[in-house]
Amino acid sequence: MSKFKFNRFSLVVLIVVLILGLFIWSLFPGSPVDALFTPVSAVLEPVQQGFIKIRTRLSDTWTAINDGVGLSEENRTLQEENAKLEQEVRTLTAENQKYQELKDALKIKSAYDDLDVTHASLLSEGFSDWFDAFRIDIGSSDDQRLATEDTIAVVDSQMALIGRIQSSDLSSSKVLPLLNPGFVVSGKVNRTSGAQVRVHGDALLKASGLCMVDQIPENSTLTAGDEIITSGEGGIYPAGILLGKISAVHRSSGGNWAELEPYVDFDSLSDVFLLIPETQSQAAETTAATTD
Amino acid sequence: MTDSKRPWRKIVVYIIYFILLIGLQAAWPAAWSQTAAKPNFIMLLAVLCAYLYSFNDALFCALVAGYFLDFLFGKTVGPGMLVMLCLALLSHYLLKKRLHANLIGAVLICLLMSALFQLASTALSYLPVLNNDIKSLWPGLLLYIRQTLWPSVRVNIIPSVILFVLLHFAGPYPRHSYDYVKLER
């Protein structure tokens with residue numbers, strides 16, 4: 001009997017050692033451990049998609065039942081609005097053409113010229129402190145640039161920062177959200193000569209859906225309501241991506257810090273956009289083609 | 001069901017349960033929960049199987065559940081597997097002389113493990129920031145635990161009851177062999 005128990009104990013110890021080994025191995029840059037997830041990802045994706053479709057259908061039905069009465073009125077208003085927007089789109093298309101011509105003539109380079117905006121859908125939402133990362137349905141087989149070690153920003157349809165790609169397998173990628181304590185981004189107050197600050201996730205503030213803002217310059221006049229955007233410092237995230245609004249500022253002798261309410265509504269995310277930097281080779285090809 | 005057919009039944013049932021619950025876990029929207037907490041279906045399956053069935057079932061379910069937790073929601077491979085392994089072993093051995101393999105015992109063990117899971121998850125989140133500043137962090141941490149612990153436990157009550165009933169009537173083992181499995185504990 002004691003021998004039997006010892007065997008069980010040895011088995012558990014062996015498994016723990018193996019898991020720890022796998023964990024340490026996964027921390028090394030470029031570790032192939034993520035590739036372990038590739039077959040699982042391929043099998044699970046259709047199941048997850050199926051569940052998401054069912055969920056969307058249920059939500060849509062629920063919404064339809066709730067909003068049925070107001071829908072016809074809203075539809076009429078939307079049709080009118082749509083007609084106006086159509087007109088605006090035509091005007092803007094013409095203006096955009098003029099702007100492009102002017103930009104080419106003056107060699108203006110905008111902040112997002114070297115970024116490709118790629119759409120992806122959510123496969124899973126995080127649910128707990130440590131287990132808060134979520135997966136999206138785009139992987140290195142969809143876009144080879146995801147296989148690189150470069151940081152890729154993930155934004156919502158309003159260009160508000162959601163997080164960054166942490167790892168990718170062939171058919172899906174994991175996103176580390178802005179609220180995660182491991183997430184850090186350099187930000188600035190969105191006004192002329194706005195102060196530079198550091199924005200990062202905080203384990204305590206996360207429960208309230210807030211981020212921490214620190215490294216605030218002493219002479220800064222940061223107040224509640226100020227908008228924070230990415231500064232572009234360090235070249236990791238492009239400048240000008242919306243982060244959120246300051247909800248409270250705490251001043252103390254140990255250093256000022258503030259609470260940031262992100263613009264992203266993590267509870268209703270379904271579609272995200274990846275800002276993928278163009279690879280050097282592609283940039284070189286583009287330059288060559290332009291020169292020709 | 002003869003003994004020779006049991007392994008296949010077990011494998012097929014486990015695959016179905018894991019696929020369904022993983023899909024449900026992944027697609028469960030935060031907006032559906034009254035609190036910020038979401039039910040932890042994957043953990044409940046591992047805990048219940050570890051509590052009701054054999055040591056081998058406990059190990060298998062813990063590792064598969066932990067692997068999927070890491071795959072779907074974790075930052076790296078490993079922590080989820082270790083947490084689930086601890087919870088499954090605790091469920092299998094803890095209070096086994098006091099609790100019976102019935103609904104009340106199963107729900108109690110599920111709630112206890114939900115609380116431990118939340119504590120482990122919070123500890124994992126805090127470990128990187130616990131340097132010399134533990135004293136100043138402690139009050140905030142305690143408040144945070146008080147705010148998050150009960151919601152994350154109570155959100156698992158109904159799912160644990162449903163899952164127990166499902167496993168009891170359509171589990172990996174036929175009902176008439178249930179005592180045989182229990183004896184192996």
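Modeller: Let us begin in chain A, where strand β6 (residues 184-189) and strand β9 (residues 227-230) run antiparallel and are joined by 3 bridges. The model is predicted: local features need pLDDT of at least 70, side-chain atom pairs count only at pLDDT 80 or more, and totals for chains, interfaces and linings use all residues. Residues are numbered from 1 along each chain as its sequence is written, while chains are lettered from A and ligands numbered from 1 in the order in which they are written.

Colleague: How should I read such a pairing, and which residue stands opposite Gly187(A)?

Modeller: In general, strands of a sheet pair through backbone hydrogen bonds, either parallel or antiparallel. Here two strands pair if DSSP finds at least two bridges between them. Helices (H or I, at least four residues) and strands (E, at least two) are DSSP runs, numbered from the N terminus. In this case, Gly187(A) faces Thr230(A) of β9(A).

Colleague: In what order do the 6 strands of the barrel close?

Modeller: The order in chain A is β6-β7-β8-β11-β10-β9, with antiparallel pairing. Neighbouring strands of this sheet are turned by 40° against each other on average, direction ignored; the axes are lines fitted to C-alpha atoms, and angles run from 0 to 180 degrees between N-to-C directions.

Colleague: How many helices and strands does each chain have?

Modeller: Chain A has 3 helices and 12 strands, whereas chain B has 8 helices and 0 strands.

Colleague: How is a core read, and which residues touch the most other members of the largest one in chain B?

Modeller: In soluble globular proteins, nonpolar side chains tend to be buried together. A nonpolar core is a set of buried Ala, Val, Leu, Ile, Met, Phe, Trp, Tyr and Cys residues joined through C-beta atoms within 7 Å. A residue is buried if 20 or more other C-beta atoms, placed from the backbone, lie within 10 Å of its own. Among the 97 residues of the largest core, those touching the most other members are Leu45(B), Ala46(B), Val47(B), Leu48(B), Ala65(B) and Met84(B). Helix α2 (residues 41-52) of chain B contributes the most, with 12 residues.

Colleague: How many residues does each chain bring to the contact between chains A and B?

Modeller: Two residues are in contact if their C-beta atoms, placed from the backbone, lie within 7 Å. Chain B supplies 40 residues and chain A 43 residues. On the side of chain B, α1 (6-27), α3 (55-73), α4 (79-93), α5 (103-126) and α6 (134-154) each give two or more residues.

Methods
A residue is buried if 20 or more other C-beta atoms lie within 10 Å of its own, exposed if 12 or fewer, and partly exposed in between; C-beta atoms are placed from the backbone.
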